[in-house]
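Subject: Structure for you, with notes

Hi,

Here is the structure I promised to pass on to you. Please open it next to this message, since the notes below follow it piece by piece.

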Amino acid sequence: MKMNKRKLVLAISQALLGTGISGISGMTAGTALADDDVATVVVTAQSRSQSAQAVPIAMQIVGADQISKLAATNLSSMNGYIPGLNVDGNQPTQPYYTLRGIGTSDFGIGTDSPVGVYVDGVYSGKTGGALMSFNDVQRIEVLKGPQGTLFGRNSAAGAISIITREPTQAFEADLHARLGNYSSKYFDGVINVPLGDKAALRFSAVGSKSDGWITDAATGQKYKGDNDWGTRATLLLNAPAQTKLLLSWEHEYLNDRARPAISLVHPAAPGTLPTVPSDPSTYVDPRNGPLYNDGVGNREAKKFDGVTFRIEKPLGWATFNSTTAYRHFNSVNREDEDGTNRIETYLDTANIESNTTWQQEFKLSGKNDTVDWLVGASYFSERARQNSQINTYTDSLNTLFNNVAGLPVYSVLNGAAQQFGLPVNLFGNSWQENMFNRGDNKSYAVYGDAIWHLAPKMNLTTGIRFSRDSKEFSWYAPNRISPGVDGSLALFNQVGFFPGLVQAGAISAEQAGLIQSLMSSNQLIANAGASLSPYSTKRSWNDTSPRVLLDYHLTPDVMFYGSVSKGYQSGGYNTLQVGSKYDPEQVWNYEAGVKSNLRDYHLVLNASVFSYKFSNLQSLSLVAGGNSVGVPAYQVVSSDQKANGFDVEARWQPLPALRLYLTTEYIDQKYKDYVANDGTNLSGQPVGTPKWTAATGFDYTWHNVAGGHLNLTLQHAYTGATRCNDDSVAQGACLSTPRFTVGSAMQRTDARIGWTNDSQSWGVSLFANNLFDKRYVYNVSNITASFGTPFASITAPRMVGVEFRASM
């Protein structure tokens with residue numbers, strides 16, 4: 001059977017669009033080559049199926065092939081290749097997203113992230129459910145700028161829409177397996193089975209395990225390893241009246257060691273303590289220094305389950321869609337916070353969370369010669385429980401009291417107790433403080449969006465969403481748990497220890513009261529107003545978020561557009577500050593751009609310029625004196641910010657076998673109005689977001705090589721230097737020492753060469769991530785500065801491996 005060239009090209013194009021195969025970063029998912037031309041994928045960025053080049057939104061698309069060529073397991077492992085988007089997955093149960101400089105690193109359940117993450121249209125939150133392993137992903141649509149009209153309240157900075165594959169009526173079986181250094185092992189597989197003419201089942205699984213690339217010098221334990229696996233099952237039923245039913249279940253389990261705290265100070269000699277304050281000029285380089293972590297129960301774990309039921313039914317005049325979704329996860333993250341293995345400076349924190357959400361959304365959509373329209377209504381319910389925990393010892397508190405107030409309480413009391421002949425040892429006693437938070441949140445919205453065809457070459461898009469958010473929140477911080485100290489206090493009271501010291505003139509009555517307070521009450525978590533019973537509050541907010549876009553098609557392949565859009569995020573609460581509350585965030589974004597497909601030059605060129613103003617942006621800052629003994633504490637603060645910038649994306653295919661790309665973003669982001677808690681006026685100063693981020697690369701294929709084809713991909717990502725301000729050093733974002741710099745520009749190069757047989761049934765590849773082994777210190781934590789134990793986080797070393805692929 002023969003097929004002419006045009007039909008063959010069309011068949012290949014349709015197959016590639018259906019499977020979401022793409023080229024390299026910046027190549028749109030679903031890229032198909034026809035007559036040496038660059039085609040574009042169909043996306044659902046506007047809740048409609050449209051060509052990416054016809055959507056008047058700045059966006060970047062990542063396809064399954066892109067993910068594979070980077071050996072990426074989740075969004076954080078391909079960080080840098082989507083300029084403008086930063087995903088910090090150093091703590092996978094507490095990921096940090098920023099888009100165009102907007103985000104929040106707060107992991108408390110009282111706030112939300114302005115970057116919305118959605119999987120098949122279902123909101124995934126910002127903590128345990130926000131960073132999932134890639135599992136049978138078709139494409140990722142990263143939409144820049146406010147997307148509140150269509151996506152909802154938590155997309156003020158933009159939205160990340162992850163689209164997974166649906167079952168088909170063709171049998172399919174695929175398996176990928178990777179082996180690499182640090183004993184890394186990875187697999188993903190899928191099987192798609194037709195169940196008669198009306199149904200199909202698709203099952204996929206993914207798993208990742210490695211030993212870790214940094215070793216504790218005292219125990220030999222490995223850190224920064226992987227131990228994560230997940231599954232997804234989707235059932236497709238084609239019901240009568242062209243109704244499509246999709247039922248999916250997904251599960252993920254993660255169980256790793258928490259991120260390591262790499263000390264910046266030399267280990268103190270036995271019998272001595274670190275110097276306070278520490279001297280940055282003497283800091284060791286954490287990329288080469290030893291690791292000492294002694295966190296008891298060090299662990300980061302998550303168990304996630306989700307069920308989604310979708311209905312799509314054509315009604316003739318419109319199409320009805322319904323999405324019902326349930327999500328639940330439990331997570332724990334207990335990590336070392338001092339970077340030492342000495343009890344005199346011991347401190348660990350734990351974040352323990354349980355989260356259950358329900359989501360229901362209905363949509364009606366239709367189109368005619370005049371308008372392409374949709375209306376919808378949504379309901380979202382979240383029930384979250386969080387325990388923020390601090391664990392230490394009386395030895396550490398003794399160090400703290402000495403450093404902060406010059407009064408080593410437990411040393412003094414131990415000495416006095418010995419003089420009285422009391423069988424008491426106040427050292428070695430555990431000390432735990434807890435903050436229990438409960439959040440019950442509900443969100444309701446109705447929205448509408450219409451693309452008006454004003455003229456053959458001109459469209460006007462108008463949209464609006466009405467939202468109401470209600471949040472009930474509570475704080476409960478009971479008194480510290482320290483059985484050993486309680487026993488000593490009981491003995492002291494029994495023998496009249498403190499009155500005796502006062503009578504002997506050793507201490508004053510006021511000092512006796514202070515010491516007893518230091519021993520019997522919280523010192524690290526402020527609990528005034530919530531120590532005996534929960535303190536609760538409830539607030540509601542209403543919002544109207546519009547958008548207006550005008551696009552003009554100069555030619556079928558060149559479109560200019562301009563837009564005005566508003567983003568909104570509801571108010572919230574600080575989990576560690578009893579009775580705190582925050583006003584809603586709002587952003588107005590003004591944007592203009594061009595999208596073009598210059599077919600004669602085999603070039604896709606897109607660009608946009610933007611300007612936004614953000615009010616009440618919530619962010620996490622280290623605030624001095626956040627508790628009774630002056631230890632810094634992380635709290636949510638609000639600021640007004642503004643930014644101007646532009647995005648550029650170019651994809652060029654000068655030869656049938658060669659593709660090149662370049663994507664970049666420039667942003668000038670500053671505080672509009674903000675005074676830090678210590679009184680520092682940061683108004684007009686840069687927020688910290690680098691001015692430039694960029695990614696570039698090429699992809700070349702040799703055909704007819706040993707009965708198959710050979711493909712080489714080389715990619716490079718660049719993130720500019722952090723723009724420092726008067727508060728950057730205290731926040732750990734900027735620091736210059738003789739041995740390293742925090743906040744410097746970062747670069748990463750990834751390479752891959754792979755061979756696949758002509759029938760595409762199997763192949764083998766070699767890959768290297770961070771090919772040139774570039775290492776950076778990207779964050780310093782001063783949370784234990786009062787102990788003299790600042791620590792740092794560093795980027796991963798070079799990862800190399802081999803991948804095998806088989807399909808049928």
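Below is what was found, from the overall picture down to single residues.

Please keep in mind that this is a predicted model.

**Overall picture**

The protein contains nine helices and 41 strands. Its C-alpha trace spans about 105 × 60 × 55 Å along the principal axes. The radius of gyration is 28 Å, which agrees with the value near 28 Å that a compact globule of 808 residues would have. Of the 808 residues, 55% are buried. Contacts with a separation of 6 or more come to 70% from residues that are 24 or more positions apart. The exposed surface is about 32400 Å², and carbon and sulfur atoms supply 58% of that area.

**A three-stranded sheet**

One element to look at is an open sheet of three strands, in the order β6-β7-β8, with antiparallel pairing. Its edge strands are β6 (85-88) and β8 (102-103), each of which pairs on one side only. Strand β7 covers residues 96-99 and is joined to β8 by two bridges, the two strands running antiparallel. Within this pairing, Leu99 stands opposite Ile102 of β8.

**Salt bridges**

How many salt bridges does the structure hold? The count is 35, and three of the pairs are described here.

- Glu166 and Lys244 form a salt bridge, with 3.2 Å between the closest N and O atoms. This pair links distant parts of the chain, 78 residues apart: Glu166 is in the loop between β12 (158-164) and β13 (172-180), and Lys244 is in strand β19 (residues 243-256). Glu166 is partly exposed at a relative accessible area of 29%, and Lys244 is partly exposed at 23%.
- Asp557 and Arg599 meet through their side chains in a salt bridge of 2.8 Å, N to O. Asp557 lies in the loop between β27 (535-555) and β28 (558-569), while Arg599 lies in the loop between β29 (585-598) and β30 (603-623), so the pair ties together parts that are 42 residues apart in sequence. With a relative accessibility of 24%, Asp557 counts as partly exposed; Arg599, at 39%, also counts as partly exposed.
- Arg723 and Asp668 form a salt bridge whose closest N and O atoms are 2.7 Å apart. Arg723 is placed in the loop between β34 (708-719) and α9 (728-731) and Asp668 in strand β32 (residues 658-673), so this pair ties together parts that are 55 residues apart in sequence. Are the two residues buried or exposed? Both Arg723 and Asp668 are buried.

There is also a network: Arg100, Lys144, Glu591, Asp647 and Glu665 are joined into one by salt bridges that share partners.

**Arg178 and its surroundings**

Arg178 sits in strand β13. It counts as buried, with a relative accessibility of 7%. What does the side chain of Arg178 make a polar contact with? The partner is the side chain of Glu803, at 3.0 Å. Leaving aside neighbours within four places in sequence, Arg178 is in contact with residues including Ser68, Ala71, Ala72 and Thr73, with Ser184, Lys185 and Tyr186, and with Phe767, Val802 and Glu803.

**Backbone details to look at**

Three spots in the backbone geometry are listed here for when you go through the model.

- The peptide bond from Val276 to Pro277 is cis, with omega near -5 degrees. Pro277 belongs to the loop between β20 (262-263) and β21 (299-314).
- Asp120 has a phi near 55 degrees, a positive value in a residue other than glycine. Asp120 is found in the loop between β9 (115-119) and β10 (122-123), and at 15% relative accessibility it counts as buried.
- Ser183 has a phi near 55 degrees, again positive in a residue other than glycine. Ser183 lies in the loop between β13 and β14 (184-194). Its relative accessible area is 36%, so Ser183 is partly exposed.

Happy to go through any of this with you.

Best wishes

Definitions and conventions
Residues are numbered from 1 along each chain as its sequence is written. This is a predicted model: local features need pLDDT of at least 70, side-chain atom pairs count only at pLDDT 80 or more; totals for chains, interfaces and linings use all residues. Side-chain values use heavy atoms; hydrogens and water are left out. Two strands pair if DSSP finds at least two bridges between them. Helices (H or I, at least four residues) and strands (E, at least two) are DSSP runs, numbered from the N terminus. A salt bridge is a side-chain nitrogen of Lys or Arg within 4 Å of a carboxyl oxygen of Asp or Glu. Buried means under 20% relative accessible area, exposed over 50%, partly exposed in between (1.4 Å probe, protein chains only). The radius of gyration is taken over C-alpha atoms; the globule rule is 2.2 Å times the number of residues to the power 0.38. Contact means heavy atoms within 4.5 Å. Accessible areas come from the Shrake-Rupley method with a 1.4 Å probe; for residues, only the protein chains shown count as cover. A polar contact is a pair of N or O atoms within 3.5 Å; within protein, one must be able to donate a hydrogen and the other to accept it, and residues adjacent in sequence count only if both atoms are side-chain atoms.
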